[in-house]
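Hi,

Here is the structure I promised to pass on. Have a look at it first, and then read my notes below.

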Amino acid sequence: MSLAAKYRTDLPSGIEKIVARLKDGKSFVPLVGAGLSYDAGIPIGQGVVKLLKTQFPDRLPNDHYEYSEAFNAALPGPENRFERRKFFEALCAGYRPGVQTGLFANLIEHGVFRVVLTTNFDHLIEQALVACSSLPIQIFVDEEAFYPTVPLPRCPTILKVHGDFLFDDLANLEMEMQRKLSDDMKTKLIDGTRNSDLIVIGYGGLDERVMKFLEQRVATTTARVYAESRIWWLIFDRKELENPLFERLIQVGDRHNSRVTPIGPASAKRFLECLAQTLNLPVLTSYPFGINPSFKNPLTAYTVRYSRSPQGLPVRQAEPYMAAAANDVVGKLQSRQPIWIAGAPGSGKTQMLFEVSKKFGDRPLFYFSPKFSELPICPHFMTDLRTFAEQIGVNTLAVARSSELYQAIFANDAVLLIDDVVSGHFETDAEWLRALGLLIDAFLKEMAGNLVFTCSLSLRRFMELVPIRVFGVLSEFKIERIGEIERQNRYVSEIASKASQIEDAAGDVVAAMSALRHAAPREVWARLVGTDKFESQFTSLETSGLLEAAGQKIRLRQAAWEALRSRRPPTREYLRTVADTLARGTQESVSLRREHYLLEAERLYFDAGQIARALELISLGAGNAHGTPNVKFYLDTLENYGELLSKESSHLSSLTPLARVEILTKIFGLLVRCCDQRFDYDMFERLLLHGLKESYLHLYLAFRRRIEGQLELAIQELKSGLRVLASAREREIEGALQLALSASYIDRGASEPDERARRSYYTKSLGWAKAAEKTFQTIGDLVSMMRATDNEAGALVSLGRYQQALELLKELQDRKVGEPGFNEDKAVIYGNIYRAKLGLNEIKSSEGYYFESQLQNASMRRWDGIWSNLLWLLCTCQENRGNPDLPTAESVLNHLESVSRFRTAT
């Protein structure tokens, strides 16, 4: 008899044992597979292989293929990663959660599970949680974004082991699975689930990489690090007991006295129902479209976000000479004094924080260093702090101001360690320093938790530069020079031991710089590898390090970027090379795509004299700049480089007239959002509009009027632009004017209360969209053609021609899902599919598209899109009162009012 069969227990006995461990205080982390999504209708396993065979019959001629084998034959290699992602988005988008996923979300909401590991690409768990969870939901999709700063977060936390269908780095091929579940990620997962039992649901155990991870986790118990952590495995069929990988896992568990217990056979639905009943949890209530009437703040629906963990405190070796000093600091902290640790660069301030942190046991600990942040600092600090707050159980939805957030964190007895308060160019960031002042104020009001700063300046010198009085309450601790000397000597020795590795490959220098960033000044590095060689290769070393880091290693990228900032004097070619690498990395990486690295690349291009490229990046990133600090950062950058722009305006000749109009429109949009009266916008108008033909000027003025909400004036400008073109037939600007007219008429119709007039505007929008599509087809502009088709589909939906719109939208979806991540086009397409299906009374199948559209809108802060989708839902609910597949009109109205208040406030 196999060990799997020997240790198998039936469902009632398995449930009884799990509940007993829960009552004893044991936490559980589920690992869920495709079986959980099965009842929603998403194909799994061989069902996916059949779809591949249908789409690629020539590439899959045989009768049977394993999952990974099929993808390797149909869509092999890194060159097809976009196609693989496109396949899965088309496969997964638009489904609503089944009963199993709803039951699972109910257990998460009631605290049975908090951290979830899943191999699924879909969004069904998130969608189910939106309907029942009053807490924010954090999602991690890759190694670079995840670090277990809080071992067992209190907010729902989902780790997608194989990726998410929105992003390119899915794991389908063997090499992709190896990359996604790297040794570093395995360590993080083991550390992040310490002291918890693992419970496997809906997963067949056929992925050797995942099974190796489970074996490693089981073997870890030998070191007594994870006291009596077990694995419970729900089997759907007895045949699963014959899986050799499963049998090997149980054998490893036996050798290390860590039991792996098969439970069942039983379906996930039956298991989850029995577990909830045994725990006496409330019966699952279904909330269509995630509209839960009991929520006081329904904005929970828009806090599903792809997160990045706060910074982790750098791990250091124990320093004997620091131990006594750390005890002195802790003594002051116990009396609730905020501490200022001062010391010269390299003196061991971060080492001191590491030593101090060891004294706090399991208390929640937050670390932040501007050196490992991006510009602007303050928004990144707030993002990290909010993520941390949610993980320790703070209800951030109820927090209106940053000072309230700080107080709520200290009320949870948290320890906040702020490292390198000012360093280099950071000392001029007034907003960052004001935020720290508010942090001290909050600590003094709450008088709970602990607060520690480190800085290379003494407190007296710092306060001479920064006249913020509240810093005067800090108690200063100075690190003696002897510690710096000992530490420098040890690090120089450590670098020397790595010299041969540094010689072997360029990447080793950057890796060493990351690991030993405080080791010694640059001249020590140069001495170890040879001054000439170091200087000649430094540019390529840093840029290769940036590129490597952009793909997977975010902390390494930041260390290399810090090294770049310290380089003096940088050449223009050097800056351009690094800016190119940084911009490319931003587009290629999941984590970087959602950060603000484009802001840094934009400044580099300005410094390198690449004016046109810098302005193009502004146009690319400005539309997604969230919140006043980021918007103002763009404007401040433009203002700082205004003189350079005037002197080197000849570089603008490489920009097309339409690109100039688009860039100027984005800058105007930033100005309107920030309400900065001091910004010299007229200068940008003079430079970018100089020499443009009258038709382009009309297009620009129309965009301005539209931003200002003056839709009738915008329409008049666009018509004037077309009249100017009557004799000149310039197709590119003609199509742009037609496309803008179509969009303006849609907006005008949406704001028109009279039904007859509204339909007239939508009809005109449809006509102009078709005209633009025809114009762009003539010149072969496929991207603009799709935009025109987007407008055509939107107009058809607004006119109630749902079936016709749906056919058009399906074509658009096939083209647009190839683009990874979040973008406005997807938000509009999924939103229009949802509306068309609602119009056709296909209510259940519309819900999944509603969620995908709202997820896209929320990720880009498109509150108008969220509002518009809710308005359509409200109208449908009012016309179909009593339909169980729809929320009540009253609950949607309450939700709409809450979103409206937030939309107005932001």
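What follows is a quick tour of the chain, its cores, one pocket and two helices.

First, the small print. This is a predicted model, in which local features need pLDDT of at least 70 and side-chain atom pairs count only at pLDDT 80 or more, while totals for chains, interfaces and linings use all residues. Numbering starts from 1 along each chain as its sequence is written, and side-chain values use heavy atoms, with hydrogens and water left out.

The chain has 42 helices and 13 strands (DSSP runs numbered from the N terminus: H or I of at least four residues for helices, E of at least two for strands). Of its 906 residues, 57% count as buried, meaning under 20% relative accessible area with a 1.4 Å probe, protein chains only. Taking contacts (heavy atoms within 4.5 Å) with a separation of 6 or more, 74% are between residues 24 or more positions apart.

Now the inside. The largest nonpolar core (buried Ala, Val, Leu, Ile, Met, Phe, Trp, Tyr and Cys residues joined through side-chain atoms within 4.5 Å) has 99 residues, and Phe104, Phe271 and Leu873 have the most contacts inside it. Helix 39 (residues 824–839) gives the largest share of this core, seven residues. Leaving out residues up to four places away in sequence, Leu873 touches Phe289, Ile291, Tyr834, Leu838, Tyr850, Leu886, Pro887 and Val892. Another core lies apart from it, with 49 residues, including Leu645 and Phe668.

Then there is the second largest pocket, at about 1500 Å³. (A pocket is an open set of points on a 1 Å grid over the protein atoms alone, where a 1.4 Å probe fits, with protein on both sides within 12 Å along at least five of seven lines; lining residues have an atom within 4 Å of a point. The volume is the space filled by probe spheres set on the points.) Its lining has 46 residues, with Ala34, Ile44, Gly45, Gly204 and Leu206 nearest the centre. Helix 5 gives the largest share of that lining, three residues.

Which helix holds Arg84? Arg84 lies in helix 5, and it is buried, with a relative accessible area of 1%. Its C-alpha atom is 9.4 Å from that of Ala74, ten residues away along the chain.

Last, helix 7 (residues 124–132) has nine of its nine residues buried, Glu126 and Gln127 among them.

Cheers

Key: Buried means under 20% relative accessible area, exposed over 50%, partly exposed in between (1.4 Å probe, protein chains only).
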